[in-house]
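Trainee: Got a minute to walk me through this one? I'd like to get a feel for how it is put together.

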Amino acid sequence: MGRKKKQRTPIELTVDRLELKGSSGVDAQGRRWTVKGASIGASVTAWPGRKGKARLLEILTEPADSVDPTCPVFGVCGGCQLQRMPLAKQREEKHKMVQRAAGDLHGITIHDIRGGAAGYGYRNKLELSFGPRRFLPEDQKDDPDAVREGSFLGFHPRGWFSRIVPLERCPLGSDAMNQVIALVSKAELSPPWDNDNHTGVWRHLVVREGASGTVAILVTSSAADPDEVRSIGARLGALEPVVGVLWVVTDRLSDVAVGDLAEVLYGQPWLDMTVGELALRLPYDGFFQVNTPTTQILFDTIAEALGMPETPTGTLLDLYCGVGAIGLYLASRFERVLGIELNPASIDCARDNAARQQVAGEWHAGKVEDLLPRLAPMDPKWIVVDPPRAGLHPAAARFLAAQSAESLVYVACNPGSLGRDREILEAGRWKMTDLWSVDLFPQTPHTEAVARFVLR
């Protein structure tokens with residue numbers, strides 16, 4: 001006989017803290033559950049799942065400081081989770097979350113959380129999906145007049161990659177970006193890509209905004225009619241804020257907006273991004289932080305944490321450097337920059353921008369753990385690491401733990417990885433002295449942590 005299936009019933013939680021992927025509360029038996037979409041201080045019912053995760057069913061009471069969501073599909077769309085929380089409260093809870101994840105804070109200087117003034121309209125990139133099936137919330141599922149099938153453009157609901165929450169506007173984007181979304185949404189392009197059977201044409205719309213304007217990227221399968229794609233591209237190119245329209249083709253089964261550039265339908269195939277006095281030119285698919293104004297706050301925080309020299313001195317070692325933005329932003333305070341990044345295209349972009357900015361240095365493509373022992377410069381040096389969410393590769397962490405430098409700054413998009421890698425660094429020659437939080441992602445639980453390490 002098979003094992004008897006455990007019977008589950010809804011649980012009631014009072015949500016009391018923010019987590020890396022949602023918020024959490026404790027049930028009547030004292031067990032902590034993580035849910036998505038609930039404000040700190042709310043009482044909710046949720047359906048228990050595996051590994052301490054629960055699905056929000058109903059909000060019973062909201063906290064006294066609750067605010068009305070700005071987005072009409074909040075709670076249905078799988079993106080924002082915190083729109084009912086005032087921005088100041090979001091940041092207070094994010095700051096607490098970073099501190100919990102960082103480990104023992106005895107003797108550590110905790111700096112106030114930082115962030116831009118805008119809680120909405122801050123994103124410079126939005127990635128939407130096409131699909132044939134509309135997601136219906138609970139209060140519309142029994143409506144016989146509700147439209148269920150067709151061609152929809154929007155975001156996925158939580159946990160439903162085969163459904164679409166249609167929209168013509170996202171409050172996290174700018175007015176210019178939303179002009180693009182509205183035009184494409186109203187065009188009802190068909191047939192949309194079907195994630196269930198991997199058929200269809202229209203797959204994604206990516207909208208990016210730079211210093212010179214907005215770039216729209218239409219992602220289709222190879223079955224697309226070129227004349228139809230060019231027609232919608234011409235309409236997008238006629239929008240005043242649009243400086244580029246691109247056509248990208250992919251037949252990958254995975255639901256990601258990555259493919260081969262088929263045609264530049266209008267304007268430029270690049271983005272100009274400005275952070276302070278730094279001007280970068282990126283390829284249309286080049287990585288950049290999604291919140292441009294707060295990126296400058298982040299970079300200035302990194303500079304503060306480094307304790308940079310008064311006059312240009314030594315080498316800045318920029319690990320997991322991406323397109324080189326951090327190193328290039330700080331380059332004027334060093335004799336040279338040495339960057340390492342896995343993605344060769346990002347390294348090409350870093351080299352091109354270094355040449356445009358007349359920055360002395362070297363940028364190498366490869367695994368940090370492989371290249372670092374060979375390329376690490378002699379003292380004096382300063383070190384910045386900005387690893388992916390998984391954190392430092394263990395070999396890289398162990399190598400850094402044994403190095404000497406004026407300071408080491410760890411930039412974490414996942415504060416939990418900082419807490420783990422801190423143990424390796426502090427088992428070596430380093431001691432964490434300062435911790436900052438920088439809110440690049442209002443309305444979501446995500447935040448950046450910046451930690452300063454010095455030699456013991």
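**Helices, sheet and pocket**

Mentor: Sure, and keep in mind that this is a predicted model. Start with helix α7 (residues 368–375) and helix α8 (residues 394–401): their axes come within 8 Å and cross at roughly 25°.

Trainee: Okay, so are α7 and α8 roughly parallel or roughly antiparallel?

Mentor: Roughly parallel, because the crossing angle of roughly 25° is under the 35 degrees cut-off for that label.

Trainee: Which residues meet there?

Mentor: From α7 you have V368, E369, L372 and P373, and they meet A395, A396, F399 and L400 of α8. By class, that contact has seven nonpolar residues, one charged and no polar.

Trainee: Switching topic, what's the strand order in the sheet?

Mentor: It's an open sheet of five strands, ordered β3-β2-β1-β4-β5, with antiparallel pairing. β3 (32–35) and β5 (54–61) are the edge strands with a single partner each, so one side of each has no neighbour in the sheet. From one strand to the next, the twist averages 45°.

Trainee: How many bridges join β4 to β5?

Mentor: Six, with β4 covering residues 43–48. In that region W47 sits opposite R55 of β5.

Trainee: And the second largest pocket, what lines it?

Mentor: There are 32 lining residues, and K36, R55, L56, G75 and R158 lie nearest the centre. The pocket's volume is about 1200 Å³.

Trainee: Which element gives the most to that lining?

Mentor: β5, with six residues. By class, the lining has 14 nonpolar, twelve charged and six polar residues.

Technical notes: Residues numbered from 1 in each chain as written. Predicted model: local features only at pLDDT ≥ 70, side-chain atom pairs only at ≥ 80, totals over all residues. Heavy atoms only, no water. Pairing = 2+ DSSP bridges. Helix = DSSP H or I, 4+ residues; strand = E, 2+ residues; numbered from the N terminus. Axes fitted to C-alpha atoms, helices over the stretch in contact; angles between N-to-C directions. Contact = heavy atoms within 4.5 Å. Nonpolar A, V, L, I, M, F, W, Y, C, P; charged D, E, K, R; others polar. 1 Å grid on protein atoms, 1.4 Å probe; cavity = no way out; pocket = protein on both sides within 12 Å on 5 of 7 lines; lining within 4 Å. Points joined across faces, edges and corners; volume = space filled by probe spheres on them.
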